Amino acid sequence: MNDTYGHLVGDILLQKVANIIKNNIRSTDLAGRYGGDEFMVFIARPDSKQSVEEIAQRICAGIDTLKYMASAQVKVTCSIGVVVAPDDISGSDYAQMVFKADNRLYAAKHLGKNMVVSTDCEVPEEN
């Protein structure tokens, strides 16, 4: 994105994504930029795994509507990996939760992007 449209466009899109995330989580939840174009959201005491998946779907749907006019229209997609503790992780091993969420994020990207993955799935290795 930055190479094609410049850092200003990339920064504006990151800010818009951050606002979408902020508007779809509660004040007790925590969100931050994980790196590059990746964000991480911790939902404090979710009602259920389904409620976390619904939040992720709302964030993904909000990001799907983003367009920024530069010299051309930019299509922004969203890939989300969901982990719910303690269902997915024994105890409260945050490093394991991040690892598992990251794996699911990359599964979402591999499966076609613009989706939420909340279960483990096999992703074929690239040749």
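This report covers the overall make-up of a predicted model, its largest pocket, helix H4 and the loop after H4.

## Overall make-up

The protein has 127 residues, and 35% of them are buried. Its secondary structure comes to 4 helices and 4 strands. Read from the N terminus, the order of elements is α-α-β-β-α-β-α-β.

Contacts with a separation of 6 or more were sorted by distance along the chain. Of these, 49% join residues 24 or more positions apart. The exposed surface comes to about 8,200 Å². Carbon and sulfur atoms supply 50% of that area.

## The largest pocket

The largest pocket holds about 1,300 Å³ of space. Its lining counts 46 residues. Closest to the pocket centre are Glu38, Phe39, Met40, Ser79 and Ile80. Several elements give two or more residues to this lining. The helices are H2 (7–23), H3 (49–64) and H4 (94–110). The strands are E1 (30–35), E2 (38–42) and E3 (79–81).

What is the character of the lining residues of the largest pocket: nonpolar, polar or charged? The lining divides into 30 nonpolar, 8 polar and 8 charged residues. H4 gives the largest share of the lining, with 7 residues.

## Helix H4

H4 has 17 residues. At 1.5 Å a residue, counting one less than the number of residues, the expected span is 24 Å. The end C-alpha atoms of H4 are 24 Å apart, so the model agrees with that value.

Which residues of H4 are buried? They are Met97, Val98, Lys100, Ala101, Arg104, Leu105, Ala107 and Ala108. The list includes Lys100 and Arg104, and both of these residue types count as charged. The buried residues of H4 pack against strands E1, E2, E3 and E4 (115–117).

## Two residues of H4

Leu105 lies in helix H4. Its relative accessible area is 11%, under the 20% cut-off, so Leu105 counts as buried. Beyond its neighbours within four places in sequence, Leu105 is in contact with Glu38, Ser79, Ile80 and Gly81. Three of the residues closest to the pocket centre, Glu38, Ser79 and Ile80, are thus named again here. Leu105 and Ile80 are 25 residues apart along the chain. Their C-alpha atoms are separated by 5.0 Å.

Phe99 also sits in helix H4. Is Phe99 buried or exposed? Its relative accessibility is 56%, over the 50% cut-off, so Phe99 counts as exposed. Phe99 and Val83 are 16 residues apart in sequence. From C-alpha to C-alpha, the distance between Phe99 and Val83 is 9.6 Å.

## The loop after H4

Where do positive phi values occur around the end of H4? Just after H4, Gly112 takes a positive phi of about 130°. Lys113 and Asn114 also have positive phi values, although neither is a glycine. Phi is near 65° for Lys113 and about 55° for Asn114.

Lys113 is found in the loop between H4 and E4, and Asn114 is placed in that loop too. Residues between 20% and 50% relative accessible area count as partly exposed. Lys113 has a relative accessible area of 45%, so Lys113 is partly exposed. Asn114, at 30%, is therefore also partly exposed.

Note on methods. Residues are numbered from 1 along each chain as its sequence is written. This is a predicted model: local features need pLDDT of at least 70, side-chain atom pairs count only at pLDDT 80 or more; totals for chains, interfaces and linings use all residues. Side-chain values use heavy atoms; hydrogens and water are left out. On a 1 Å grid over the protein atoms alone, a cavity is a set of points where a 1.4 Å probe fits but cannot get out, and a pocket is an open set with protein on both sides within 12 Å along at least five of seven lines; lining residues have an atom within 4 Å of a point. Grid points are joined across faces, edges and corners, and a volume is the space filled by probe spheres set on the points. Buried means under 20% relative accessible area, exposed over 50%, partly exposed in between (1.4 Å probe, protein chains only). Contact means heavy atoms within 4.5 Å. Accessible areas come from the Shrake-Rupley method with a 1.4 Å probe; for residues, only the protein chains shown count as cover.
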